[in-house]
Structures are given as C-alpha cells and as structure tokens.
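Thanks for making time this morning. I have one structure to show, and I will keep to its geometry.

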Amino acid sequence: PFLSSFGLAMSLFSYAITFILCLVSRSDTIAEQPWPKSEDIFYKFHNNTGWKSNGMAFLVSLINPLWSFVGIDSATHMVDEVGHAAARVLVPKVIMTTIVIGFVTSFSYSIALFYCVRDTSAVLESIAPAVTIYYQATGNRNLAVFMQASTIVAGLTCGVASGTWQSRMLWALSREMEAMRPEGTLSRLVTARFASIDSKNKVPLYAHLFSQVLVAIIGCIMLGSTKAFNAIISAAVTLLIVAYAIPSVILLVRGRNRFIEKCEREAGDEAVKAPSKWGVIPHTMTVVYALFCLVMLSFPYVKPVTVSNMNYVSVVY
C-alpha cells in the first residue's frame with residue numbers, strides 16, 4: 001500500500017512538474033522555430049502514415065491510446081483482498097476513478113506537450129520523444145533529463161500495482177485449476193504451489209515470482225526483435241478487449257439473470273438483485289468494440305507495406 005500510494009504521488013508530481021514547466025518556461029533558445037498555434041493542434045491533421053484516408057490513419061493509430069487504458073480492470077483482480085460484498089462498491093468506484101483521473105491528466109498533459117513541439121521531425125525521429133519535447137520546451141538539457149527521470153520513477157513505483165494484480169490473477173487461476181486436477185499429479189503440485197499463500201508475507205509469493213519471470217522473458221524478446229515485441233504488445237491490448245467481450249457474449253446468449261444469480265450464490269449472498277434492463281447496451285457495445293479492434297488494429301500502420309514496417313499482430317493471433 002505504501003509503494004502504491006507513493007507511485008500515485010509520484011505520478012501526480014511528475015504530471016504537475018512537466019505540465020507547469022512545459023508551459024511556463026517555454027524557451028526561445030531555438031529562435032528560428034516558432035511555437036505551435038492552437039490551430040495546428042486542434043484543427044490541422046498531419047497524416048504521415050501513407051494511408052490516403054485520414055480516417056483510416058486515425059483508426060490504425062488507436063493502439064497507442066488503447067494501451068494507456070489496458071490496466072483499468074486491475075481492481076477486479078483484487079476482489080478477494082477486500083471481500084465480495086465490499087468489492088461491489090469499491091471496484092466500480094476504482095475503475096471509474098481511474099478513467100476520470102487518467103483522462104483529465106493525460107489529455108491536459110498531451111495538450112501541454114503539443115504546445116511545446118517546435119520541431120516535429122526531431123520528435124518523430126528521436127528514440128526518446130518525450131525528452132526531446134522537454135528540451136524544446138525548456139532549452140535546458142538538465143531540466144529535460146530531470147523531467148524524464150521523474151516520469152521514470154513514477155512508472156517504476158506504479159509497476160508495483162501491476163505486479164500485484166497480475167500475481168493475483170495467476171493465483172486465482174491456479175486455485176480454480178487445482179480443484180480440477182487429480183491429487184498426486186504433477187500439474188496438481190504446480191497449481192497448488194501457485195495457489196498457495198506465503199505464511200510470512202501473506203501474499204501469493206510463488207504466483208508473483210513466476211509472473212515476474214514471464215514479464216522478464218517477454219522483455220527479452222525486444223532485444224531480439226522490436227517488431228516481434230510490438231506485435232505481442234498489440235495483441236495483448238486487443239486480446240484483453242476480446243477477453244472482456246467473452247463474459248458479455250455469455251450474458252447476452254444465456255441471459256443475465258441466470259449468470260448473475262450463479263455469481264451471487266458463489267459469493268455467499270442470500271439476496272439476489274435483479275439486473276438492470278439497460279445492461280444489455282454496454283454488453284452489446286463491448287462485443288461490437290472487440291470485433292472492431294480485432295479487425296482494425298490488424299491493418300498495417302504505414303503504407304507502402306514492407307517487411308520492416310508490417311504489422312505482425314496477425315501472426316501472433
């Protein structure tokens with residue numbers, strides 16, 4: 001809890017410091033390059049993808065903003081920590097709060113950065129675009145490095161929360177698999193280990209360590225091929241959305257009352273609350289959106305398509 005709170009504080013600090021410094025200390029070091037105007041940011045559309053249609057260029061670029069919201073379901077994996085009764089209220093609040101805070105901070109932060117981009121080509125060609133924007137805004141290399149460092153620290157501390165919920169997900173899956181495996185088998189021993197709670201730390205330690213090993217292995221893929229790594233990341237975003245759509249399909253096909261009553265009984269509640277008749281709308285939208293992302297995010301990002309710039313997410317599928 002301390003590290004998660006510290007990560008939130010660092011995130012807000014890095015947001016505030018970069019937001020204020022980018023706008024307040026806009027340097028005139030690069031005199032020959034004027035500051036962007038509001039018209040350039042909110043009105044003009046720069047299509048450098050090779051797609052003739054600006055709409056298509058916009059759709060194939062959705063993978064980046066979608067990645068920003070890929071972890072909004074993390075609170076659902078902490079239900080066992082707070083209890084099913086409390087989770088009914090807390091989990092929706094956490095998810096909605098995450099969306100609101102994420103939108104307000106990321107939108108204002110992005111707009112602030114757009115007002116500081118003086119050399120678009122330098123930003124696009126840079127291996128660290130944010131640092132380049134910070135430098136163009138301040139004209140001070142040390143200050144640009146400091147602003148980037150604060151963002152990195154925030155990311156490292158927020159990574160604690162990511163490690164927490166992904167270990168809980170593996171732990172919950174292992175508990176279900178353990179119940180389905182015959183006693184004495186190797187698979188039962190493995191799942192039992194991941195489903196166990198460490199007596200000293202009171203956390204699913206083995207599930208946490210194994211999930212971190214998997215993250216490290218996936219990270220090593222980037223050393224061999226950035227294209228393969230990017231394809232896996234893109235697939236992770238789309239397949240998560242598909243995973244969200246699967247329960248929605250079940251609810252739409254088999255009926256929401258039957259499905260929710262089963263969940264209520266497993267939670268140990270006596271009273272079953274009737275689902276809202278409007279619930280079919282978000283479930284339908286979820287399924288349609290999942291199909292949309294599965295198709296549209298498989299298109300190449302740029303044209304003409306070559307071996308080096310191809311979108312290989314379809315290979316991952």
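I will go through a surface patch, some helix packing, a few backbone details and two long-range contacts.

Before anything else, this is a predicted model. Please keep that in mind for every value I quote.

Start with the surface. Eight names to find on your screens: Phe42, Phe69, Met96, Ile99, Val100, Phe103, Val104 and Phe107 together make a nonpolar patch there. Their combined accessible area is about 780 Å². Which helix gives the most to this patch? That is helix H6, residues 84–114, with six residues. Phenylalanine 107 is a member of the patch, and its place is in H6. With a relative accessible area of 46%, phenylalanine 107 counts as partly exposed, because that class runs between 20% and 50%.

Now the packing. Two packed helices are described by the angle between their axes and the distance between the axes. I have two pairs, and H9 is in both.

The first pair is helix H8, residues 129–138, with helix H9, residues 141–180. Their axes are 8 Å apart, and the angle is about 140°. So H8 is oblique to H9; the cut-off for roughly antiparallel is over 145 degrees. The crossing of H8 past H9 is right-handed.

Staying with H8, which of its residues are buried? They are Thr132, Ile133, Tyr134, Gln136, Ala137 and Thr138. Just after H8 comes glycine 139, where phi is positive, about 70°.

The second pair is H9 with helix H11, residues 205–224. Here the angle is about 110°, and the axes are again 8 Å apart. H9 is therefore roughly perpendicular to H11, since the range for that label is 65 to 115 degrees. This crossing of H9 and H11 is right-handed.

Next, the backbone. Most residues other than glycine have a negative phi, and most peptide bonds are trans. Two places here are worth checking against that.

One is lysine 202, which has a positive phi of about 60° although it is not a glycine. You will find lysine 202 in the loop between helix H10, 186–194, and H11. Is that residue buried or exposed? Lysine 202 counts as exposed, because its relative accessibility is 61% and the cut-off is over 50%.

The other is the peptide bond from lysine 303 to proline 304, which is cis, with omega near 0°. Proline 304 sits in the loop between helix H14, 280–296, and helix H15, 313–316.

That loop between H14 and H15 also holds leucine 297. Leucine 297 is buried, because its relative accessible area is 4% and the limit is under 20%. What is the distance from leucine 297 to serine 234? They are 8.0 Å apart, C-alpha to C-alpha, with their positions 63 residues apart in sequence.

The last contact involves alanine 231, in helix H12, residues 226–254. Alanine 231 is buried, at 3% relative accessible area. Its C-alpha atom is 6.8 Å from that of valine 316, and the two residues are 85 apart along the chain.

To recap the packing, H8 is oblique to H9, whereas H9 is roughly perpendicular to H11. That is everything I have.

How values were computed. Residues numbered from 1 in each chain as written. Predicted model: local features only at pLDDT ≥ 70, side-chain atom pairs only at ≥ 80, totals over all residues. Heavy atoms only, no water. Patch = residues over 30% accessible without salt bridge, like charges linked within 9 Å, V, L, I, M, F, W, Y side chains within 5 Å. Areas by Shrake-Rupley, 256 points an atom, 1.4 Å probe, with all protein chains shown as cover. Salt bridge = Lys/Arg side-chain N within 4 Å of Asp/Glu carboxyl O. Helix = DSSP H or I, 4+ residues; strand = E, 2+ residues; numbered from the N terminus. Buried < 20%, exposed > 50% of the residue type's maximum accessible area, 1.4 Å probe, protein only. Axes fitted to C-alpha atoms, helices over the stretch in contact; angles between N-to-C directions. Parallel < 35°, antiparallel > 145°, perpendicular 65-115°, else oblique. Left-handed = near helix turned anticlockwise from the far one by under 90°.
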